[in-house]
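Please prepare a briefing on the structure shown below, for a reader who works with computed models. The points should be grouped by topic and should keep to what can be read from the coordinates.

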Amino acid sequence: MVRFPVLLLGAFGLSLFRRPEPDLAVAPPYPLLVDMVPGVLLVLDEKRMVRYANGAVVPVLGYEVSEVLGRPLSAFFVAESRAALANLLDGLQSGEPRRRLELPAKSRMGATVPVEVTAEPVGRSKSGPVAVFLRNLTERDALTEALALRAAELARSNKDLEQFAYVASHDLQEPLRMVGSYTQLLGEKYAGKLDSDAEEYLRFTHDGVVRMRQLIDDLLAFARVGTRGKPFEPVAVEEVFDQAVGNLEAAIAAKGAVVTHGPLPKVEGDRGQLVQLLQNLIGNGLKFHGSGPPHIRVEAVREGAVWRISVQDDGIGIAPEYQAKIFLMFQRLHTREEYPGSGIGLAICKRVVERHGGQIGVESTGRPGHGTRFWFTLSTGGGHPTLSTAPAVAEHDVSMAERAQSLIQERLQELI
Amino acid sequence: MLTMTRTGSPEAGTVHILVAEDSVADAGLIREAMRTSRISNELHVVPDGVEALAYLRRTGKYSGSPRPSMIFLDLNMPRKDGREVLREIKADADLRRIPVIILSSSGAEEDVVGAYDHHANVYIRKPVDFEAFRGIVRQIESFWFSAAELPGA
């Protein structure tokens, strides 16, 4: 009495719709939850026929669940994928626990769908049912492609900008040379014949020329970080320190400064640029000193895969509200009369550190005497084979962009 | 045949220098620097490469011009630039003996190398500072017109 309608319904359903049902023996224990997974889960029998499929086959491959059941897995892949697919499943049978590869699948409409295939035996038996998970890579591939495009664009515009800065600063020297030379001649030729106003005007003009020249030189130096950089090599930071201090000898003597350092490591980098970096940071400490002679100390601390190198001074400090601005081009916090400068020095530092794949920052309370601590990070070496062996420096930006791209790609893969 | 032009000495005649320079202001600086020179000199300024070669070959209005003992050559000039002029001078059996001093504001490696490749006698980058420029002109004088022996015309 009870059994009859069930049997009848069952027979009716089968004969009328010929609708294959998922094999309950191999279905996962939480079918509703599994349907929510944003990837195709298939369970294959020992003949590699699909016995179970979750709801994701609809959005990913365009099939209804019922259309997939009872068909071989290879039916959902393009012909070129089938050998690799068979190989993957054979590998499982020969005892490899879990395997993964990327292959183009084929949708119901015949479109190619890039998927990542992960396969794993369901039970203990190597020849028993196999669970196959298909992750749709369409979106990731599109993102990767967009990212690659953007990276190339960025690298190009970076290069354009450097070229522009280089040409502009070089061509700017020309008229400046004229202004400078002729004011000088004017001053010489009419020395003693000019009134005090005129002499003051000449002095202002001369000051302007000197400042402009400094600005152009700094701009050139800034542009050259990208265009004139050298390939990376192992560099002892202590030698970098010695050279930077040597270059600053006059300023150090004039201020009666004491510049010391702790143990310093070897890093991978562009020696000339690292000297410039340390020289600018130490020079900063010499310039913005307190009432007494400045004390500057350079130290290095290992932090995982990087060295964190700091330059600590006991000068006037930088108020916290200005700390974000100081690494930008042409940002100055003081009048020219107080402290001369073009405001490019720290921007150059930032560029050098970034070219080396590191970070730069500043810590200061802004209270006089507490001083400022600049820090930057450098790779401990060997971590950037692409960068250290890159022969052409013009390609640097491209390789940086590529590195960023592969990093983002990795992160994306973790997220999807 | 080789009459030495020891221009540092008082009995020497006037030194003729061809200045190929399109910028009047730059030519003025050279003139200014040479004005206080110890040696008696006469500058012949031409504004481009075509005129420079016309001068050297004494064609047209330059038919009666004196042969220069030295050429100051700017690289970037209209019509025919200094690179071409240099090549033509150094390809000319007669003109190539005249020392060519490249005076350029360019510090580009390819300009420097290119100039020496084409047998420039010396490449000098115009300094930004006039005092430095005057110093360089002094050095050119003392080296080329005192220390060095130059072939006569």
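**Briefing on the predicted model**

B:Arg79 is exposed, since 12 other C-beta atoms lie within 10 Å and a residue with 12 or fewer counts as exposed. The model to which this residue belongs is a predicted one, and the points below take up loop residues, strand pairing, nonpolar cores and the contact between the chains.

**Loop residues of chain B with positive phi**

- B:Arg79 lies in the loop that runs between β3 and α3 of chain B, and its phi is positive, at about 65°, although the residue is not a glycine.
- B:Arg58 is likewise not a glycine and has a positive phi, near 55°, and its place is the loop between α2 (49-56) and β3 of chain B.
- Is B:Arg58 exposed or partly exposed? With 13 other C-beta atoms within 10 Å, B:Arg58 is partly exposed, because exposure in full would need 12 or fewer.

**Parallel strands and crossovers in chain B**

- Strand β3 (residues 70-73) of chain B runs parallel to strand β4 (residues 100-104) of chain B, and three bridges join the two; within this pairing, B:Leu73 has B:Ile102 of β4(B) as its bridge partner.
- Between these two strands the chain passes through helix α3 (residues 82-90) of chain B, and the resulting β-α-β crossover from β3(B) to β4(B) is right-handed.
- β4(B) also pairs in the parallel sense with strand β5 (residues 122-125) of chain B, over four bridges, and in this pairing B:Leu103 stands opposite B:Ile124 of β5(B).
- A right-handed β-α-β unit is formed here too, made of β4(B), helix α4 (residues 109-117) of chain B and β5(B).

**Chain A and its strand β1**

- Chain A contains 13 helices and 12 strands, and of its 416 residues 29% are buried.
- Among the contacts in chain A with a separation of 6 or more, 63% are between residues 24 or more positions apart.
- Strand β1 (residues 40-44) of chain A is mostly covered, with five of its five residues buried; A:Val40, A:Leu42 and A:Leu44 lie on one side and A:Leu41 and A:Val43 on the other, and both faces are covered.
- Which strands pair with β1(A)? Strand β5 (residues 130-136) of chain A does so in the antiparallel sense over five bridges, and strand β2 (residues 50-53) of chain A runs antiparallel to β1(A) as well, joined by three bridges.
- A:Leu42 takes part in both pairings, for its bridge partner in β5(A) is A:Val132, while in β2(A) it stands opposite A:Ala53.
- The hairpin of β1(A) and β2(A) has five residues between the strands, and in this hairpin A:Arg48 takes a positive phi near 65°.

**Nonpolar cores**

- The largest nonpolar core has 42 residues, and those with the most contacts inside it are A:Val240, A:Ala244, A:Leu278, A:Ile282, A:Ile309 and A:Cys349.
- Several elements of chain A each supply at least two residues of this core, including the helices α7 (196-227), α8 (237-247), α10 (271-287) and α11 (345-355) and the strands β9 (295-303) and β10 (306-312).
- Why does this core lie between domain 2 (140-231) and domain 3 (232-389) of chain A? Both domains give residues to the core, and it therefore lies between them.
- When neighbours within four places in sequence are left aside, A:Ala244 is in contact with A:Val275, A:Leu278, A:Gln279 and A:Ile282.
- Another core, of 37 residues, lies apart from the largest one, and among its residues are B:Ile17, B:Ala33, B:Tyr55 and B:Leu86.

**A:Glu199 in helix α7**

- A:Glu199 has its place in helix α7 of chain A and is partly exposed, with 14 other C-beta atoms within 10 Å.
- A:Glu199 and A:Gly187 are 12 residues apart in sequence, and their C-alpha to C-alpha distance in space is 7.7 Å.

**Contact between the chains**

- The contact takes 10 residues from chain A and 10 residues from chain B.
- On the side of chain B that touches chain A, the elements that give two or more residues are α1 (24-35) and α5 (130-147) of chain B.
- By class, this side of chain B has five nonpolar, one polar and four charged residues.

Technical notes: Residues numbered from 1 in each chain as written. Chains lettered and ligands numbered in written order. Predicted model: local features only at pLDDT ≥ 70, side-chain atom pairs only at ≥ 80, totals over all residues. Contact = placed C-beta atoms within 7 Å. Nonpolar A, V, L, I, M, F, W, Y, C, P; charged D, E, K, R; others polar. Buried ≥ 20, exposed ≤ 12 C-beta atoms within 10 Å, placed from the backbone. Pairing = 2+ DSSP bridges. Right-handed = clockwise from strand over helix to strand, strands pointing away. Core = buried A, V, L, I, M, F, W, Y, C linked by C-beta atoms within 7 Å. Domains from an automatic or database assignment.
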